[in-house]
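Let's go through a protein model by asking how we know what we say about it. Have the structure open and follow along.

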Amino acid sequence: MATGSTIDLRPRPQRIGDAERAKLLEGLGFGRVFTEHMVTIPYREPDGWQRGTLVPYAPITLDPAASVLHYGQAIFEGFKAYRQKDGGIATFRSDANARRFNQSAERLAMPALPVERFVEAADTLIETDHAWVPAGSGESLYLRPLAIATESALGVKPAKEYLFLVFGSPSGQYFPQGVKPVSVWLCTDYVRAAPGGTGAAKCAGNYAASLVAQQKALDAGCQQVVWLDALEHKYVEEMGGMNLFFVYQHGSRTKLVTPKLNGALLAGVTRDSILTLADDLGYDKEERLVSTEEWGRDLENGTLKEVFACGTAAVITPVGQVKFDGGSWAIHGGEPGPVATRLRETLLDIQYGRVPDKHGWMHRVL
Ligand SMILES: *Cc1c(COP(=O)(O)O)cnc(C)c1O
């Protein structure tokens, strides 16, 4: 796509020098360093989405009455650009993120942004800030698109003005301890999402509502919270901001089981990719209800071998320990299992262009 077709370029007059950038790219964590630019696209009724602009990364100003600050129309996405084996840059399934962005928009009564414009905005940013796509092992440029309601009006109704924005953050490992398995807390008091609610949308409010439970998990000595269904607190939904997989072994067959999308779960792009890779790697797969009762029972009877979480930021993270009121379970001796490890390597090989991309998932930017 030609740069600037719907985006005006107004970059910084002077770019950050190589030495300073190299220093900022040292020992990358997650989401702390940002690149030099961002792309913004305003929306207003009745005209719709306007031309976009690439501008220096900087604070934005909002009217105190901007409706996002009061009624929370705010959605976001997350995907990555990877430095390829040949030095080029490609994103992983950004079109899938664009489509999910629009599903989130629909749930929050916000306007959809055409998929091509979402992808073009990210591509323009990546082209401009290509030097910020790190080349170290496990590193990438995390892209964070978002949209917020900017209309200043205190009436409770869908806003008539919005701002779409995308910026980038060079990132290393999401969990500072690397691929060491995480411990999780089964949360039976707070819920993340209820039927008919916003659980399937990637909206800011879901995260705001999750933080007190996340703090409770930390207080219980766990790194992450596992959400259960809102009605019975019986069925497993997600882990923090990641989807969950259960690895079963029945005789010589390995089966991946993941909670079925029920309108309360977030449909992860990583989850979807793993279900596709299951076929490639010869694993059986099943999307269904998974209860905490069978989680404990199947660890006990030995058919459940591994549990792992998946998402863009951390790719695949094994779960090594489960805690709940009155007990705990260990999984795979608290070590990463072979199936999670193999899926993780397979996905990373595709993302970094080390193996052929037979599903057409990679979108070449440079
Ligand atoms: C973003 C997110 C995921 C993971 O989605 P990916 O597309 O794989 O990154 C899972 N659960 C929640 C609640 C999320 O917000």
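Q: What makes Lys285 and Asp279 a salt bridge?

A: First, keep in mind that this is a predicted model. The closest N and O atoms of Lys285 and Asp279 are 3.0 Å apart. The cut-off for a side-chain nitrogen of Lys or Arg and a carboxyl oxygen of Asp or Glu is 4 Å, so a pair within that distance counts. Lys285 and Asp279 therefore form a salt bridge.

Q: Are Lys285 and Asp279 buried, exposed or partly exposed, and how do you know that?

A: Buried means under 20% relative accessible area, exposed means over 50%, and partly exposed is in between. Lys285 has 38%, so Lys285 is partly exposed. Asp279 has 48%, so Asp279 is partly exposed too.

Q: Why is the pair Glu286 and Arg288 called a salt bridge?

A: Same kind of check: the closest N and O atoms of Glu286 and Arg288 are 3.3 Å apart. That is within 4 Å, so the pair passes. As for cover, Glu286 has a relative accessible area of 28% and Arg288 has 21%, so both count as partly exposed.

Q: Which residues are joined into one network by salt bridges that share partners?

A: Those are Arg12, Arg15, Glu36 and Asp129. A search of the whole structure finds 22 salt bridges.

Q: What makes Arg15 and Asp129 a pair that ties together separate parts of the sequence?

A: Let's start with the bridge: the closest N and O atoms of Arg15 and Asp129 are 3.0 Å apart. Arg15 lies in the loop between β1 (7-9) and α1 (18-24), while Asp129 lies in the loop between α4 (115-128) and β8 (140-149), so the pair ties together parts that are 114 residues apart in sequence.

Q: How do you know which of Arg15 and Asp129 is buried and which is partly exposed?

A: Look at the percentages again. Asp129 has a relative accessible area of 0%, which is under 20%, so Asp129 is buried. Arg15 has 38%, so Arg15 is partly exposed.

Q: What makes β14 and β15 paired strands?

A: Pairing takes at least two bridges between two strands. Strand β14 (residues 253-259) and strand β15 (residues 284-288) are joined by five bridges, so they pair, and they run parallel. Want a spot to look at? Val257 stands opposite Glu286 in β15. Put helix α6 (residues 269-281) together with β14 and β15, and you have a right-handed β-α-β unit.

Q: Why is Ser104 called buried?

A: Ser104 has a relative accessible area of 1%, and the cut-off for buried is under 20%, so Ser104 is buried. You'll find Ser104 in helix α3 (residues 94-107). Leaving aside neighbours within four places in sequence, Ser104 is in contact with Ile75, Ala201 and Lys202.

Q: Is Ile89 buried or exposed, and how do you know that?

A: Ile89 comes out at 1% relative accessibility, so Ile89 counts as buried. Ile89 is in strand β7. Setting aside neighbours within four places in sequence, its contacts include Tyr82, Ile126, His130 and Leu366.

Q: What is notable about the phi of Arg93 and His332?

A: Most residues other than glycine have a negative phi. Arg93 has a phi near 55°, a positive value in a residue other than glycine. His332 also has a positive phi, about 50°, and His332 is not a glycine. Arg93 sits in the loop between β7 (89-92) and α3, and His332 sits in the loop between β18 (327-330) and α8 (338-351). At 12% relative accessibility, Arg93 counts as buried, whereas His332 at 37% counts as partly exposed.

Q: Which residues are joined by a cis peptide bond, and what is omega there?

A: Most peptide bonds are trans. Glu45 and Pro46 are joined by a cis one, with omega about 5°. Pro46 is in the loop between β2 (37-44) and β3 (48-49).

Q: What makes Ile60 partly exposed, and which patch does Ile60 help make?

A: The relative accessible area of Ile60 is 40%, so Ile60 falls between 20% and 50% and counts as partly exposed. Together with Leu62 and Leu69, Ile60 makes a nonpolar surface patch of about 250 Å². The place of Ile60 is in the loop between β4 (52-56) and α2 (68-71).

Conventions. Residues numbered from 1 in each chain as written. Predicted model: local features only at pLDDT ≥ 70, side-chain atom pairs only at ≥ 80, totals over all residues. Heavy atoms only, no water. Patch = residues over 30% accessible without salt bridge, like charges linked within 9 Å, V, L, I, M, F, W, Y side chains within 5 Å. Areas by Shrake-Rupley, 256 points an atom, 1.4 Å probe, with all protein chains shown as cover. Helix = DSSP H or I, 4+ residues; strand = E, 2+ residues; numbered from the N terminus. Buried < 20%, exposed > 50% of the residue type's maximum accessible area, 1.4 Å probe, protein only. Contact = heavy atoms within 4.5 Å. Right-handed = clockwise from strand over helix to strand, strands pointing away.
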